[in-house]
Amino acid sequence: MQGICETIPALAAEKYVYDFDEPSDGGRELLGGKGIGLAEMTQLGIPVPAGFTITTDACRAYMASPGGLPDGLEEEVEEHLRALEERTGKRFGDPNDPLLVSVRSGAAISMPGMMDTILNVGLNDVSVDGLARATGNEWFARDCYRRLIEMYGETVDDVHNRRFDADRESPADAIERLRATYREGTGSDFPQDPREQLHHAIVAVFESWQSPRAQAYRRMYEIPDDLGTAVNIVQMVFGNKGDNSGTGVAFTRDPSTGEQGLYGEFLTNAQGEDVVAGIRTPEPIAQMREQLPAPFEQLLETMRRLEEHYRDMQDIEFTVEDNALYLLQTRSAKRTAAASVKAAVDMVEEGLITHEEAVARIDPQQLDQLLHPMLDPTAEWEVAAKGLNASPGAAAGKIVLDADTAERRGKAGEKVILVRWETTPDDIHGLIHAAGILTAHGGMTSHAAVVARGMGKPCVAGCDTLSIDIDARKITLRDQTLSEGDVLTIDGGTGAVIVGEVPLVPPQVNDDLETILGWGDEHRRLGVRANADTPEDAAKAREFGAQGIGLCRTEHMFMAEDRLPVVREMILAEDEHGRRAALDKLLPMQQGDFEAIFEVMAGLPVTIRLLDPPLHEFLPSLEQAKDERMRRRIKQLQESNPMLGTRGCRLGLQWPEIYEMQVRAIVRAARGVEERTGDAPLVEIMHPLVAFEEELRRLRELTVQVADEEAPDVEYLCGTMIELPRACIRADEIAKHADFFSFGTNDLTQTALGFSRDDAEGKFLTFYLEDGVLERNPFETLDQSGVGDLMRIGVERGRARKPQLKLGICGEHGGEPKSVAFCHELGLDYVSCSPFRVPLARLAAAQAALAEAGSPAYATAGG
């Protein structure tokens, strides 16, 4: 708990508690998402149980000085508890008809299932009998008490119990079992003082902000650690009173597809955790119409009002007690990318939001979901089992049966399917690293389904023909038994479970996404290109809206099976004459590659990077080499640190005939395509790894000389990849000889930080991220204060020398939203990323422009 908000001073007069109907200026940041939702619903006149919220300020104060609740908080809680007693006409701790409360977490940013909740706080051995007498329902009273002991034990004292099974034991028997387990786990009896229960429940919710699962979730979604959680103390309403009571979760639109219509799940005679924890498989919410018609109609009207009020899809938790409806929560719904996009487009058409708001509210990272693989429709397979289609997309991988194994094998690069009876928040680390999730229990709103949808992972839930033998590490699907490590394929769009691996195919951008991206394109300034090395990649990039190729890596062409022997012949040559003879064989091959790409990208710029990697990468390892001549050459080319050795422009200067061949192939290809099609390709020739002005001066001279020899009328730009700190610092000198710069931020990050990516990821960098040394992986999200400052220097000095210098980025950061926003701020002309991240980059660039313009739509969407 140390290290969070240590600078926040304790303020003796600070107000930490607000009733739901009490005005507050702090909004979501102060009251948390659940608290602000309850307060706003109270103001709207929607039926909400009475209660009060302990603010996130109190949580931060607690974390700054662990060991006790902040000064004055317990007195404030007692004051608001007395007011709640007056409002409800019941007394907390009354032995005859007690006021019971739930203690619920609620951070400013929704973290479903990651923090703790305790229901029925206030019951004890005496008041459970009073509750039974007051309600005339002994089963109900004892069911409430066993839930309290079970949840309190797990949450407050880390005492874990076997789940209650109504078919095996009565609530009364369960109470005795749970009390014995509690005594065994803690050395004391279950606390009987309701205020002691409440105190420890509040502390437990504060503590759950720092639980491993909550920290893992925050890392996954880049949620700040210092937000803290609010605590909501809410009068209990009971869905477990009988057939006229129940609990459920409803969405104002389908969170998987975004379609309008009735969507949700419901359980009669149950409390809320039964639905969200997947303990019982619920019924579709439409069944509620028949069982509880009046509350059902009231729920429909309430859902309509809430969506109109918030102008966004809502996720609603509700309880019906004796035919009376109560809402326990409303929040912006976690949804798939497909649902986000469709709902946004539909809401524009319905007049709820503007085009700008639609663009601003889509999470660019989520668009990866729309580009997930699907089952190949031409493949053949047999469905072994069916479950609920809880989160779309398809995945194939090896079966793993626990979250730790999923994390370990996933980190090792294996594709795994996490198969569980049900998932719990403690499985979050395994869910992060699994390709897909399959559960035997739980519904569309279970923990597995909600988290999978948020992560964009395929999930099949509630597969009732799945059984798991955890001791034997085996599963059974109907009559097929499989072992851990066997391969499964799941289709989260249909609920199909298939034994073995089914081929997957990439999806297509749909009309709704095209609409959103089109609206975004009206606002963005940054161009978006793609990194593409083949005509197929180039065609896919163009399909996704790329405005050119920002990086075409020629070394990938050299690796082709029919070229590698010729490349090796060139490397093994004893002199320049021998090298040129081999390069003459490669020339028509390279020319054909470039012609194919130029034709696909007609009318758009193509940046071709000349050969970058060291020559030894094209040779076998010393152990694999059989020929003595080959072994001798491998030893000659061996380097201690090849990443900083003879590669890039150093290679081109030492063996200029290699770059001559490549420039010749590019210029011939451009001339050939223009002659055939009438369209002149927009050619950009890029020299990699330049650090010194003289390097680029000589290479530009070589480029111009060869191009003039081949086709003086072919137009082209000549530039360099900026991927060394010195190149950024001396950008004014290098710009004298460059028409463009392209920041190669993969290598710039390595050279600026002194990190070898291969030696960092999975090793010390993983420790840095888990231990909080770094907030983000600098190879995924640009290190703006370090690498970004070098880029800023390069931009300022390069353009000071040459104001019209074209600037771009072609590292992997070109498809990451925060990095795209930074590139917009720097004034780059374009970003370039993998073809499948082009839609993401287009959206992120549009959002950066809206944010810079101070668009109210962007502010409303929360940025």
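Let me start with one residue. Cysteine 459 has a relative accessibility of 0%, so it counts as buried. Keep in mind that this is a predicted model.

What is the closest cysteine sulfur to that of cysteine 459? It belongs to cysteine 463, and it is 11 Å away, which is too far for a bond. A disulfide would need the two sulfur atoms within 2.5 Å. Cysteine 718 is in no disulfide either; its nearest cysteine sulfur, in cysteine 649, lies 12 Å off. Cysteine 718 is buried too, at 1% relative accessibility. By this rule, the count of disulfides comes to 0.

Cysteine 463 comes up again, with alanine 385. Alanine 385 sits in strand β12, which covers residues 383-386. Is alanine 385 buried or exposed? Its relative accessibility is 0%, so it counts as buried. Leaving aside neighbours within four places in sequence, alanine 385 is in contact with Cys463, Thr465, Leu477, Arg478, Gly495, Ala496 and Val497. For a distance to another residue, take valine 419, which is 34 residues from alanine 385 along the chain. The C-alpha atoms of the two are separated by 13 Å.

One of those contacts, Arg478, is worth a stop for its backbone. Most residues other than glycine have a negative phi. Arginine 478 has a positive one, near 55°. Where is arginine 478 found? It is in the loop between β19, residues 474-477, and β20, residues 480-483.

Asparagine 323 is another residue other than glycine with a positive phi, here near 70°. Its place is also a loop, the one between β9 (314-321) and β10 (324-332). With a relative accessible area of 38%, asparagine 323 is partly exposed.

Now a glycine. Glycine 754 follows helix α28, and its phi is positive, near 70°. The helix itself spans residues 745-753. Which residues of α28 are buried? Among them are Thr745, Asp747 and Leu748, and also Thr749 and Gln750.

A second helix to look at is α21, residues 576-600, which holds glutamate 595. At 16% relative accessibility, glutamate 595 counts as buried, because the cut-off for that word is under 20%. Not counting residues up to four places away in sequence, glutamate 595 touches Arg668, Ala669, Val673 and Arg676.

Now the whole chain. How many helices and strands does the chain have? There are 33 helices and 31 strands. The radius of gyration is 31 Å, and the globule rule gives 29 Å for 863 residues; the two are close, so the chain is as compact as a globular protein of that length. Along the principal axes, the C-alpha atoms fill a box of roughly 100 × 60 × 50 Å.

Buried residues, such as the cysteines I began with, make up 57% of the 863 residues in the chain. Take the contacts between residues at least 6 apart in sequence: 70% of them join residues at least 24 apart.

That leaves surface and charge. The accessible surface of the chain comes to about 34,300 Å², and 47% of that belongs to carbon and sulfur atoms. As for charge, there are 89 positive and 144 negative side chains. How far apart do the centres of the two sets lie? They lie 4 Å apart.

How values were computed:
Residues are numbered from 1 along each chain as its sequence is written. This is a predicted model: local features need pLDDT of at least 70, side-chain atom pairs count only at pLDDT 80 or more; totals for chains, interfaces and linings use all residues. Side-chain values use heavy atoms; hydrogens and water are left out. Helices (H or I, at least four residues) and strands (E, at least two) are DSSP runs, numbered from the N terminus. The radius of gyration is taken over C-alpha atoms; the globule rule is 2.2 Å times the number of residues to the power 0.38. Buried means under 20% relative accessible area, exposed over 50%, partly exposed in between (1.4 Å probe, protein chains only). Contact means heavy atoms within 4.5 Å. Accessible areas come from the Shrake-Rupley method with a 1.4 Å probe; for residues, only the protein chains shown count as cover. Lys and Arg count as positive and Asp and Glu as negative; His and the chain ends are not counted. The place of a charge is taken as NZ of Lys, CZ of Arg, CG of Asp or CD of Glu.
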